[in-house]
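Biologist: Thanks for sitting down with me. Could we go through this model together, and may I ask for the reasoning behind each label?

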Amino acid sequence: MSASHPIDVPDAFAASYSDNGGASARAWIAALPGLARDFLDRWSLRPDGPSAHGMASLVLPVTRADGTPAVLKLQEATEENIDAVPGLRVWNGDGVVHLLDHDPDTGTMLLERLDATRPLSALADETAAVQILAELLARLVAVPAPPGFRQLADIAAAMLDEVPGSVPRLRDPVERRLVRTCASAVAELIGEPGDRLLHWDLHYDNVLAAEREPWLAIDPEPLAGDPGFDLMPAMHNRWDEIVATGDVPRAVLRRFDRLTEVLGLDRQRAIGWTLGRVLQNALWDIEDGRTALEPAQVAIATTLLARPRPTAG
């Protein structure tokens with residue numbers, strides 16, 4: 001079966017993945033065509049269209065032996081994706097793509113085929129897109145995280161440990177103060193990290209049109225924690241539409257309020273954990289050698305910090 005179907009590994013994907021991942025990534029890319037052919041044979045799959053790729057995976061449209069369309073997702077097993085399979089099993093297709101098969105040794109997955117040509121990011125109505133994403137996210141975080149998943153408490157503690165050594169590398173003292181303020185917000189909440197199963201990366205390109213439901217989530221990086229920590233990708237994505245309103249703070253709060261309302265979150269806690277995502281993104285950028293924060297992150301953080309706290313009684 002597989003010998004008559006050469007596996008196309010796009011040059012751009014191979015180059016980008018190899019450059020960013022070092023020797024192990026280059027070895028994985030070199031082995032990828034053979035790995036794909038092995039799974040086509042093992043799971044009795046027939047290629048059914050050109051390959052696609054994300055930042056860290058190759059996706060092949062396939063047809064199963066019974067004629068069911070599916071996708072074969074090949075990725076190097078890493079800490080970032082180690083919980084994807086157990087997370088997909090816990091959600092069991094409720095708002096998220098179905099897992100059809102999995103190889104634990106290689107991280108290879110066989111998934112329900114969605115319409116990759118119709119991501120939620122292509123929906124012109126920004127208000128409708130926010131609502132759709134919020135409703136999916138509410139379904140996902142309604143599920144308690146079983147034991148064994150990565151914990152927000154551990155991630156938050158590690159972030160706080162990094163702050164003293166990382167923040168001085170930012171050039172702007174205003175940005176340094178902002179990141180320390182975000183760290184203070186995390187420190188206030190770290191004792192109550194939450195216990196829901198989070199997607200951790202639910203932005204508009206990780207929601208695809210489907211036949212089983214109008215829209216389904218893909219590519220989770222599951223984490224046990226507070227749903228407020230899951231809002232930032234939806235806040236930050238489609239940023240050009242927020243800028244285009246001409247009133248960034250108002251547009252940020254409108255999106256934030258819609259998300260928190262649909263998810264039924266306490267807004268002060270959600271602000272704190274969203275500042276935690278700003279902290280996380282800042283630390284990642286600093287680790288990558290950047291000396292300034294991304295403007296969208298600054299705008300989101302300053303807008304949420306400027307929001308008056310509700311008065312008691």
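Biologist: How do you know that the end-to-end distance of α8 agrees with its 16 residues?

Modeller: First, a reminder that this is a predicted model. The expected span is 1.5 Å times one less than the number of residues. For α8, with 16 residues, that gives 22 Å, and its end C-alpha atoms are 23 Å apart, so the two agree. Just after α8 comes G264, with a positive phi near 65°.

Biologist: Which residues of α8 are buried, and what covers them?

Modeller: The buried ones are A251, V252, R255, F256, D257, L259, T260 and L263. Their cover includes α3, α6, α7, α9 and α10.

Biologist: Why is V248 called partly exposed?

Modeller: V248 belongs to helix α8. Buried means under 20% relative accessible area and exposed means over 50%. V248 has 22%, so it counts as partly exposed. Setting aside neighbours within four places in sequence, V248 contacts W239, I242, V243 and A299. Its C-alpha is also 9.5 Å from that of A296, although 48 residues separate the two in sequence.

Biologist: A296 is in α10. How do you know that the length of α10 agrees with its 12 residues?

Modeller: By the same rule, the 12 residues of α10 (295-306) should span 16 Å; the end C-alpha atoms are 16 Å apart, so the value agrees. Buried in α10 are A296, Q297, A299, I300, A301, T303 and L304. Among the elements covering them are α5, α6 (232-236), α7 (239-244), α8 (248-263) and α9 (267-287).

Biologist: What makes the crossing of α3 and α8 right-handed?

Modeller: A crossing is right-handed if the near helix is turned clockwise from the far one by less than a right angle, and the crossing of α3 and α8 is of that kind. The axes of α3 (126-141) and α8 come within 9 Å and cross at roughly 35°. From α3 the contact involves E126, V130, Q131, L133, A134, E135, L137, A138 and V141, and from α8 it involves R255, R258, L259, V262 and L263. These divide into 9 nonpolar, 1 polar and 4 charged residues.

Biologist: And which hand does the crossing of α4 and α5 have?

Modeller: That crossing is left-handed. The axes of α4 (152-166) and α5 (173-189) come within 10 Å and cross at roughly 145°. A156, L160 and V163 of α4 meet A183, V186 and A187 of α5. The contact has 6 nonpolar residues, with no polar and no charged ones.

Biologist: Why is D103 called buried?

Modeller: The cut-off is under 20% relative accessible area. D103 has 8%, so it is buried. D103 sits in strand β5 (99-103) and touches F39, R42, W43 and T108, leaving out residues up to four places away in sequence. Its C-alpha is 9.7 Å from that of V85, 18 residues away along the chain.

Biologist: What makes a set of residues a nonpolar core, and how many residues has the largest one here?

Modeller: The members are buried nonpolar residues joined through side-chain atoms within 4.5 Å. The largest core has 80 residues, and L120, L133, F229, L231, M235 and L279 have the most contacts inside it. L231, for one, touches L137, F256, L259, T260, L263, L265, A270 and T274, not counting residues up to four places away in sequence. Apart from that core lies another of 22 residues, including L32, A36, V62 and L74. In soluble globular proteins, nonpolar side chains tend to be buried together.

Key: Residues are numbered from 1 along each chain as its sequence is written. This is a predicted model: local features need pLDDT of at least 70, side-chain atom pairs count only at pLDDT 80 or more; totals for chains, interfaces and linings use all residues. Side-chain values use heavy atoms; hydrogens and water are left out. Axes are lines fitted to C-alpha atoms, for helices over the stretch in contact, and angles run from 0 to 180 degrees between N-to-C directions. Helices (H or I, at least four residues) and strands (E, at least two) are DSSP runs, numbered from the N terminus. Contact means heavy atoms within 4.5 Å. Ala, Val, Leu, Ile, Met, Phe, Trp, Tyr, Cys and Pro count as nonpolar, Asp, Glu, Lys and Arg as charged, and the others, Gly among them, as polar. Buried means under 20% relative accessible area, exposed over 50%, partly exposed in between (1.4 Å probe, protein chains only).
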